[in-house]
Amino acid sequence: MRDGPIEVPKCRRAAAREGVALAASALALGCSRSVIVSDLSATGARFEAKDLPDSGEELLMVAGTQEAFARVVWRTEKRCGVHFDDRLGEDLLALIKKEAAWSSIACYYN
């Protein structure tokens, strides 16, 4: 039997992320790349692409007509997580999801 209360691990994220499939660009110093945003929240996102910026690098995410400054907080070979400099409001998140939805982008090219 344990003495005292059981500690519950704290979530590292400030906001719950929603799984999405959005087309975006990640513009970092000296390079830019097209990315898929595979999850999104008011405080951050996960990008999927090749040759992503390294942890600690600053970038500008452009999704549809919307932009957000962010910093890469982790990176693997084909994924990275970013934390936005400023929290994104619900209206802005909805607009990003509408304008950058992969299904609407893919239909544009058909």
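The points below are a colleague's notes on a predicted model, written for someone meeting this structure for the first time.

1. The nonpolar core is a sensible place to begin. The largest such core has 26 residues, and those with the most contacts inside it are Val 37, Leu 40, Phe 47, Leu 59, Met 61, Val 82 and Phe 84. The elements that give two or more residues to this core are the strands β1 (18-28), β2, β3, β4, β5 (66-75) and β6 (79-84), together with the helix α1 (90-99), and β1 gives the most, with five residues. As a matter of background, nonpolar side chains in soluble globular proteins tend to be buried together.

2. Leu 59, which is listed among the core residues with the most contacts, can serve as an example of how the chain is brought together. Leaving aside neighbours within four places in sequence, Leu 59 is in contact with Ala 26, Leu 27 and Ala 28, with Phe 47 and Pro 53, with Ala 68, Phe 69, Ala 70 and Val 72, and with Val 82.

3. The loop between β3 (44-48) and β4 (58-63) deserves a careful look, beginning with Asp 51, which is placed there. The phi angle of Asp 51 is near 55°, a positive value in a residue other than glycine. Asp 51 counts as exposed because its relative accessibility is 57%, a value over the 50% cut-off.

4. Leu 52 is found in the loop between β3 and β4 as well, but with a relative accessibility of 4% Leu 52 counts as buried. Apart from neighbours within four places in sequence, Leu 52 is in contact with Arg 33, Val 35, Phe 47, Arg 75, Lys 78, Arg 79 and Cys 80. With Arg 33 in particular, the C-alpha atoms are separated by 7.8 Å, although the two residues are 19 residues apart along the chain.

5. The loop between β2 (31-40) and β3 holds Ser 41, which counts as buried at 2% relative accessibility. The side chain of Ser 41 reaches the backbone nitrogen of Thr 43 at 3.1 Å, so that a polar contact is made, since such a pair of N or O atoms needs to lie within 3.5 Å.

6. On the cysteines, how many disulfides does the structure hold? The structure holds zero disulfides. Cys 31 counts as partly exposed, at 29% relative accessibility, whereas Cys 80, which is one of the residues in contact with Leu 52, counts as buried at 0%.

Conventions
Residues numbered from 1 in each chain as written. Predicted model: local features only at pLDDT ≥ 70, side-chain atom pairs only at ≥ 80, totals over all residues. Heavy atoms only, no water. Helix = DSSP H or I, 4+ residues; strand = E, 2+ residues; numbered from the N terminus. Buried < 20%, exposed > 50% of the residue type's maximum accessible area, 1.4 Å probe, protein only. Disulfide = S-S within 2.5 Å. Contact = heavy atoms within 4.5 Å. Polar contact = N/O pair within 3.5 Å; in protein donor to acceptor, adjacent residues only side chain to side chain. Core = buried A, V, L, I, M, F, W, Y, C linked by side-chain atoms within 4.5 Å.
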